[in-house]
Amino acid sequence: MSRRLLVPLAGIAAALAVAGTAFSQARSTPKLVGTVGPGFTIKLMKSGVKVRSLRAGTYKFVISDKSSFHNFTLEREIGGKIEKHLTGTAFTGSKTAIVTLKRGKWKYYCSIHESTMFGFFTVK
Ligand SMILES: [Cu+2]
């Protein structure tokens, strides 16, 4: 192998190493913290800030359900319907769910008290 070939190959190897690092960072799943109850409240936070906009991708939802008469439900309203009950109504305690969020307008709510307990965020 001539020296002319060796140099470009080393460059490709370096580029692949950088791509590998970016890939492993993207794989650390961002955490979203949802809370429902004990009163008539529901919220979804990321790093202590209310979630309003997210990039499409996979998220770890950690739901703290503090009431036996509320639930935490996640739904995509625009862009094809997806509905997931992350906690059931009778359930209290903590639950973790890995959810892939596709682009669209999403709503989180308690399905028993949907008219008053809800929030929205956009996935871009
Ligand atoms: Cu409720």
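The exchange below asks how the labels on this predicted model are earned.

Reader: What makes Met 117 count as buried?

Author: Its neighbour count. The cut-off is 20 or more other C-beta atoms within 10 Å. Met 117 has 22 C-beta neighbours inside 10 Å, so it counts as buried.

Reader: Where does Met 117 lie?

Author: In a loop. That loop runs between β9 (104-109) and β10 (118-123).

Reader: Which residues does Met 117 touch, leaving out those up to four places away in sequence?

Author: Phe 40, Thr 41, Ile 42, His 70, Tyr 109 and Cys 110. A contact needs C-beta atoms within 7 Å. Phe 40 is also 77 residues from Met 117 along the chain, yet their C-alpha atoms are separated by 6.5 Å.

Reader: How much of the protein is buried?

Author: Buried residues make up 19% of the 124 residues.

Reader: What share of contacts between residues at least 6 apart in sequence joins residues at least 24 apart?

Author: The share is 67%.

Reader: How many helices and strands are there, and what pattern do they follow along the sequence?

Author: There are one helix and 10 strands. The helix comes at the start of the pattern, α-β-β-β-β-β-β-β-β-β-β.

Reader: What is the strand order in the sheet that holds β1?

Author: The order is β3-β2-β1-β5-β8. Five strands form this open sheet, and the pairing is mixed.

Reader: Why are β3 and β8 said to stand at the edges?

Author: Count the partners. β3 (49-50) and β8 (93-101) each have a single partner strand, so one side of each is left without a neighbour in the sheet.

Reader: How do you know that β5 and β8 pair?

Author: Pairing takes at least two bridges. Strand β5 (residues 57-65) and β8 have nine bridges, in the antiparallel sense. Ile 63 stands opposite Lys 95 in β8. Gly 57 has Leu 101 as its bridge partner there.

Reader: What joins β1 to β5, and in which sense do they run, parallel or antiparallel?

Author: Six bridges join strand β1 (residues 31-36) to β5, and the two run parallel. One of these pairings is Leu 32 with Phe 61 in β5. The cut-off of at least two bridges is met, with six found here.

Reader: Which strands form the sheet that holds β10?

Author: In order, β4-β10-β9-β6-β7. This sheet is open too, with mixed pairing. Its edges are β4 (53-54) and β7 (82-87); each has a single partner strand, so one side of each lacks a neighbour in the sheet.

Reader: What makes β6 and β7 a pair?

Author: Five bridges join strand β6 (residues 72-78) to β7, and the strands run antiparallel. Again, at least two bridges are required. Glu 75 stands opposite Glu 83 in β7. Thr 73 has His 85 as its bridge partner in β7. The hairpin of β6 and β7 has three residues between the strands, and Gly 79 takes a positive phi near 110° there.

Reader: Where does pLDDT stay under 50?

Author: Over residues 18-22. The model has zero contacts beyond four places in sequence for that stretch. Low pLDDT means the predicted coordinates should not be read in detail. Overall, the protein averages a pLDDT of 87, and 78% of the residues score at least 70.

Key. Residues numbered from 1 in each chain as written. Predicted model: local features only at pLDDT ≥ 70, side-chain atom pairs only at ≥ 80, totals over all residues. Helix = DSSP H or I, 4+ residues; strand = E, 2+ residues; numbered from the N terminus. Buried ≥ 20, exposed ≤ 12 C-beta atoms within 10 Å, placed from the backbone. Contact = placed C-beta atoms within 7 Å. pLDDT = per-residue confidence, 0-100.
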